[in-house]
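Hi everyone, thanks for coming. Let's take a look at the structure together, one piece at a time.

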Amino acid sequence: MSLLEIRGLTASVGDKPILRGIDLALNAGEVHAVMGPNGSGKSTLAQVLAGNPAYDVTGGSVTYKGQDLLEMEPEERAQAGIFLAFQYPVEIPGVSNAYFLRAAYNEVRKARGEGEVDPLEFADIMEEKLALVDMDPAMLGRSVNTGFSGGEKKRNEILQLAVLEPSLAILDETDSGLDIDALRTVADGVNKLRGAERSFIVVTHYQRLLNYIVPDFVHVLAGGRIVKSGGKELALALEEKGYDWLTEGEAAGVTR
Amino acid sequence: MAEATIDRLVTAATPFEDAFRTLIEGDGAQAPANIQSLRFAAFEAFRQLGFPTTKNEDWHFTSVAPIVEHDYLHVTTPSGDVQRAALAPFLFGRSEWHTLVFVNGRYAPELSNTGGLPKGVTLLDLRRAWREAPQLTQPVGSITSYHSRAFTALNTAFMHDGAVLSIDRDVEVDMPIHLLFVTDAVAAKSMMHPRNLIVVGRHAKVKVIESYVSLSDAVYLTNAVTEVSVADGATLHHYKMQREGMRAFHVGTIETRQARDSHYISFSLGIGGSLTRTNIYTTLGGEGCGATLNGLYMLDGEQHGDHQTQIVHAQPNCFSRELYKGVLDGQSHGVFNGKVYVDPIAQKTDGKQTNNTLLLSDKAQIDTKPQLEIFADDVKCTHGATVGRLDEQALFYMKSRGVSRQLARELLTYAFAADVLETIEQDSVREELERMTLRRFMTVAGER
């Protein structure tokens, strides 16, 4: 049985349909890249999987670990092991990173039937996780994402991923706005977190990220549908030829 | 309808006539002669004024009709059955602080802690001060005016207990001094008019906490007045903690007069009561003064909470800072009215006022009104008010990390209030208020 199985998924924002029938299956330990031009629906797919209430699911089904994912609240999805690294991480002034991380960590542990950890135990856990993303411990004392640079925000997302240890991590354009050094750091962190028990959906506009996070499968999204799937070589073909050769006939609603 | 209201308000004064006569003829006759004449004059003023209606600009958003509907007994003898242990939740974990406790409006020496006061500090209940140190009570009635304020007039007419605190010049008091007014079920249908006086001498420094709390959900009226004098170069941190019973009425007025180079730092917490009004007035009466008026109100259910502040810049080169934050849930109604008056001679005034309110429900309501009257031409005065709701993006972000909706709401509420709470210098008071803000978040508390 697949870890995640998406069938005929359609979704819209207000009256505007964005996803027009997505079919995708993903097994434990696999890394799937989802690529596509702007407006193709790839970020919407990521948000819908995490349960963002700003999007209306209008049809289809999503089964995760045998459960109906679409029936679950966002926090239940997270507690069941789904993690979304945001394209634009939200700033929360007044709540420290350490406080927030430990609150999230304890909620996820509670849901798994494990005991909560106190601040001292948590500090030990953090030491190891910080090293993984090469992050300054001082960042823990600052308000969540507040005043962080673009690179710091993305690194903070990967830190949260490392702490929450999800079964399925969805990276929504984690490479956007990063220079090559920051991209490498973030990708290194992700690679260290890869394993047989952890799957990834890597949403990206560019093939560049996939040089560092090498996927098992590549899907091309256009006009709210997957128009082509293949191995990692598909990403290279896209880099060379662009999206046009795949999106002709699917061009409705597609901006370039 | 308006006329009917006025009729009712005038006739409503009658029970007060009886209570006033009883006070003057009975227990209250022990007061000094100057206080007796002040009472008569104040009661006459109250007769003339009647209770304010919403036509009165200062009461536009707060109708006192629910207060006036009731008849109140004026309790002049000690009453109630409050044990020391019952006060523990209100002591900020610091039972060693010097504390005057008042139960149902009357001083309770057996619950108070006045032993070992530092040299230069006088802390007495008002009645003892009248007997033993009448010179200390001279300023009573000279700082605040009852002529246009019905509740202050009523308090002045009925004053017969309260706290008198005097700090000699150059004395710095390390531990805060706590004035704790507690009611229990015996307070039902009664009114209390605590009258306090705080005099801080030249270059002295002290922190005072004024708490109004309840051990019951009785209907009662607290109508408190605190007069404050801060002498040259002195500093007073003054925290008002309004945690009355959820069916109580509370009107509390603090009026402060500041002399040259003095600093008055006020924090007002308003979380209790069904209908409450807090007035905080300060006059910067000398050059080089600073006033900081901060506060937090958190209301739920059908609570109505009104904060009125007034800062009078009467002299040049003074600054004032004001930050009030509100968290309104249920069908609660918050009011904030911040007046800043800058006298024509008060050049180089530097004033800043901010009021931010967070609405947690669709039915909660805020009326916010900054009122700047500036008559000097070389000043810097700003004000701003915001009303917002919880950030849906932030809520989703937190939930997507496994944080429950409830905890996410609490964390965001806490975050909203954090900056004003951070201004409280006294650690144990600040920490207690942070805990209150995070009420149901005890399991992961400990670090911020």
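**Two helices and a strand in chain B**

Let's start with α7(B) and α8(B), which are oblique to each other, because an angle counts as oblique when it is not under 35 degrees (roughly parallel), over 145 (roughly antiparallel) or 65 to 115 (roughly perpendicular). They pack at an angle of about 130°, with their axes 9 Å apart. Here axes are lines fitted to C-alpha atoms, for helices over the stretch in contact, and angles run from 0 to 180 degrees between N-to-C directions.

A word on where this comes from. This is a predicted model, in which local features need pLDDT of at least 70 and side-chain atom pairs count only at pLDDT 80 or more, while totals for chains, interfaces and linings use all residues. Residues are numbered from 1 along each chain as its sequence is written, and chains are lettered from A and ligands numbered from 1 in the order in which they are written. Helices (H or I, at least four residues) and strands (E, at least two) are DSSP runs, numbered from the N terminus.

Back to our helices. Which residues meet between α7(B) and α8(B)? From α7(B) they are B:Ala394, B:Leu395, B:Met398 and B:Lys399, and from α8(B) they are B:Arg405, B:Ala408, B:Leu411 and B:Leu412. Helix α7(B) covers residues 392–399, and six of its eight residues are buried, meaning that 20 or more other C-beta atoms, placed from the backbone, lie within 10 Å of a residue's own (12 or fewer is exposed, in between partly exposed). Besides α8 of chain B, the buried residues pack against α2 (74–79) and β7 (92–96) of chain A.

Now to strand β8(B), residues 195–200. Six of its six residues are buried, so the strand is largely enclosed by the rest of the structure. B:Arg195, B:Leu197 and B:Val199 point one way, while B:Asn196, B:Ile198 and B:Val200 point the other. Strand β5(B) pairs with β8(B) in the parallel sense over four bridges; strands pair if DSSP finds at least two bridges between them. There, B:Leu165 stands opposite B:Ile198. Strand β10(B) runs parallel to β8(B) too, joined by six bridges, and B:Val225 is the bridge partner of B:Arg195.

Finally, how confident is the predictor? Chain B averages a pLDDT (confidence in each residue, from 0 to 100) of 92, and 94% of the residues score at least 70. Over residues 440–448 of chain B, though, pLDDT is below 50. Where pLDDT is low, the predicted coordinates should not be read in detail.

Conventions: Two residues are in contact if their C-beta atoms, placed from the backbone, lie within 7 Å. pLDDT is the predictor's confidence in each residue, from 0 to 100.
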